[in-house]
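Here is a short report on one protein model. It covers open and enclosed space, charged pairs and a few single residues.

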Amino acid sequence: MARSLRRIALIVGAATALSKVAGLVRQQVIAAAFGVGAAYDAYNYAYVLPGFLLILLGGINGPFHSAMVSVLARRPRHEGAHVLASINTLVGAGLIVVTLLLLVAADPLIDLVGPGLDPERHALAVLQLRWMAPMALFAGLIGLGFGALNAADVFWLPSVSPLLSSVAVIGGIGVLWWQLGSSITLPATALIGGVVLAASTTVGAILQWLIQLPALAKEGLNRLQLVWDWRDPGVREVLQVMGPATLSSGMLQINVFVSLFFASGMPAAAAGLGYANLLVQTPLGLLSNVLLVPLLPVYARLTAPEDRPELIARIRQGLMLSNATMLPLGALMVALAVPIVALIYQRGAFDRSAADLVGQLLMAYGIGMPAYLGRDVLVRVFYALGDGNTPFRWSLAGIGLNAVFCWAFTGGPTPAWGNQLPMLNAGAAGLVLATVAVNLITCTGLLLALGKRLGGLPLRLWAADSGKLMLAAMAGGAVCWGLSIGVAWPPGLGGLLLQNALCAGLALGLYGLLASLTGVPETRQLLQMVRRRS
């Protein structure tokens, strides 16, 4: 089993790495072409709903993907084909309606998400949303198909497919640059730039769906026909997990709406959040896929009472590997925030002031890195146990908490009386800190609920081991920060590359040394795997 998990993790890791590198290049191209100007700022509001659906429904480890894996992993292939065809029919019909709603109601939806947008950005965001509305349909089909492929032990294609979306956007901007030249960065070209950005994003989603069809056919899972069979036991089981899971993840996206609501009155805040979020999601998505894609079928197969000890051991494995990777990564983001942003983005229309803005946001994200992945591990355990209601309830509670934290950490703004809590105003970074606080609370609540469901978990031991890893990460981060500000680094791209490489290398080396002395078994396993790969 361990060898199989390592093999799957290697496949998923390599495929995801390719996709994440392509996504990073895509974001660099966007930054150079549009900076934090109107085209990309408006795009972040227009992308909220279609992007939410693509990540929620079509993403690896999303509710559609997780539900399909949890159910089809325990069924023969011919039953899986029938279940997939039935779910595709039911979900496709619903998402066609959603697509039409996005087209018709684009204007009021942008008003809802970004009430503080100026008329130019508002009009551009409405137009971009209408171009991206068809993503709603393809998002669901992508998630269902890739979930079926993972259940059939096909891991490479689902993990590498986001590369196509990045290639489509890069290609679209490349054609625009070929036509406009250096004037692509001018405010006067924001309209055509915004349309190309939105249209190429939709093309990328369509390509992600098309690429899975031959693989599904090869596995005997592809039936291009309408099947209205919601009474099938497999279909009902998928819907039973998928429904609450989708609502739960949807509640999380409402937190994005809340953040953008407060950000709409801050110039360039939405664009800054988009750039910082990509820097977080690149390593987070890679590590999430490496950890969760192999473990989810394992969780689904260990739900019997006699398998409880093995399930608890696997839960610990997921959480401790999550902490062992996320804690040092978060420390690096805090210590090297501005140099990282400048190295990745600072060129073309993306200037030093934009780097400072995004750097502040990246520091805030770094504080909460462990909670992001730890929460995902716990949610997948609940899905494997056939319980989507518990994550949903915690996500619902998180909406109210996020609204309160966003309001407080941006100074407590009010329409008539100004800021009520000016001492807490952290600007755009406050919106990230609000999300971090909600994730920490949700992660703790889910862990306690899971312990109650499984008859107890060794939480004190897990907390002690996590604390040791946190101290090791903090030591590495402190050394990294001291070296970064204490040395006069050469100017330019070469200096930034040297600064990031040396500081991060020293920090990770110190973390590895200290972590190996903590006695945490998963850390030793992780270090041994890194040494073997090296």
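The report below starts with the basis of the model and then moves from pockets to surface.

This is a predicted model, in which local features need pLDDT of at least 70, side-chain atom pairs count only at pLDDT 80 or more, and totals for chains, interfaces and linings use all residues. Residues are numbered from 1 along each chain as its sequence is written, and side-chain values use heavy atoms, with hydrogens and water left out.

## Pocket and cavity

Rolling a probe the size of a water molecule over the atoms shows where empty space is left. Here the search runs on a 1 Å grid over the protein atoms alone. A cavity is a set of points where a 1.4 Å probe fits but cannot get out. A pocket is an open set with protein on both sides within 12 Å along at least five of seven lines. Lining residues have an atom within 4 Å of a point. Grid points are joined across faces, edges and corners, and a volume is the space filled by probe spheres set on the points.

The second largest pocket has a volume of about 850 Å³. Its lining counts 31 residues. Nearest the centre of this pocket lie Asn323, Leu327, Pro370, Leu440 and Met470. Two or more lining residues come from each of α14 (308–335), α16 (352–367), α17 (369–384), α19 (428–453) and α20 (459–486). Helices here are DSSP runs (H or I, at least four residues), numbered from the N terminus. Which element gives the most to this lining? It is α20, with eleven residues. By class, the pocket lining has 22 nonpolar, nine polar and no charged residues. Ala, Val, Leu, Ile, Met, Phe, Trp, Tyr, Cys and Pro count as nonpolar, Asp, Glu, Lys and Arg as charged, and the others, Gly among them, as polar.

Enclosed space comes next. The structure holds three cavities of 30 Å³ or more. The second largest cavity contains about 40 Å³ of space. Its lining is made by Pro328, Ala331, Leu332, Ala473, Gly476, Gly477, Ala507, Leu508 and Tyr511. Helices α14, α20 and α21 (492–516) each give two or more of these residues. The cavity lining divides into seven nonpolar, two polar and no charged residues.

## Salt bridges

The whole structure has eight salt bridges. The criterion is a side-chain nitrogen of Lys or Arg within 4 Å of a carboxyl oxygen of Asp or Glu. Three of the pairs are set out here.

| Pair | Helix | Closest N to O |
|---|---|---|
| Glu310 and Arg314 | α14 | 3.1 Å |
| Arg352 and Asp356 | α16 | 3.5 Å |
| Arg380 and Asp376 | α17 | 3.6 Å |

Glu310 and Arg314 are four residues apart in α14, so about one helical turn separates them. Arg352 and Asp356 are also four residues apart, about one turn of α16. In α17, Arg380 and Asp376 are again four residues apart, or about one helical turn.

Burial is graded by relative accessible area: buried is under 20%, exposed over 50%, and partly exposed in between (1.4 Å probe, protein chains only). Glu310 is partly exposed at 38%, whereas its partner Arg314 is buried at 10%. Arg352 is partly exposed at 46%, and Asp356 is partly exposed at 29%. Arg380 and Asp376 are both buried. Elsewhere, salt bridges that share partners join Asp41, Asp118 and Arg121 into one network.

## Surface patch and single residues

Ile96, Leu100, Leu103 and Val104 make a nonpolar surface patch of about 380 Å². Patches are made of residues with over 30% relative accessible area and no salt bridge; like charges are joined within 9 Å, and nonpolar side chains (Val, Leu, Ile, Met, Phe, Trp, Tyr) within 5 Å. Accessible areas come from the Shrake-Rupley method with a 1.4 Å probe; for residues, only the protein chains shown count as cover. Ile96 lies in helix α5 (residues 77–104). With 45% relative accessibility, Ile96 is partly exposed.

Is Ser484 buried or exposed? Ser484, in helix α20, is buried at 9% relative accessible area. Its C-alpha lies 8.0 Å from that of Asn500, 16 residues away in sequence.

Pro521 belongs to helix α22 (residues 521–533). Pro521 is partly exposed at 40% relative accessibility. Between the C-alpha atoms of Pro521 and Gln317 there are 9.2 Å, and the two are 204 residues apart along the chain.
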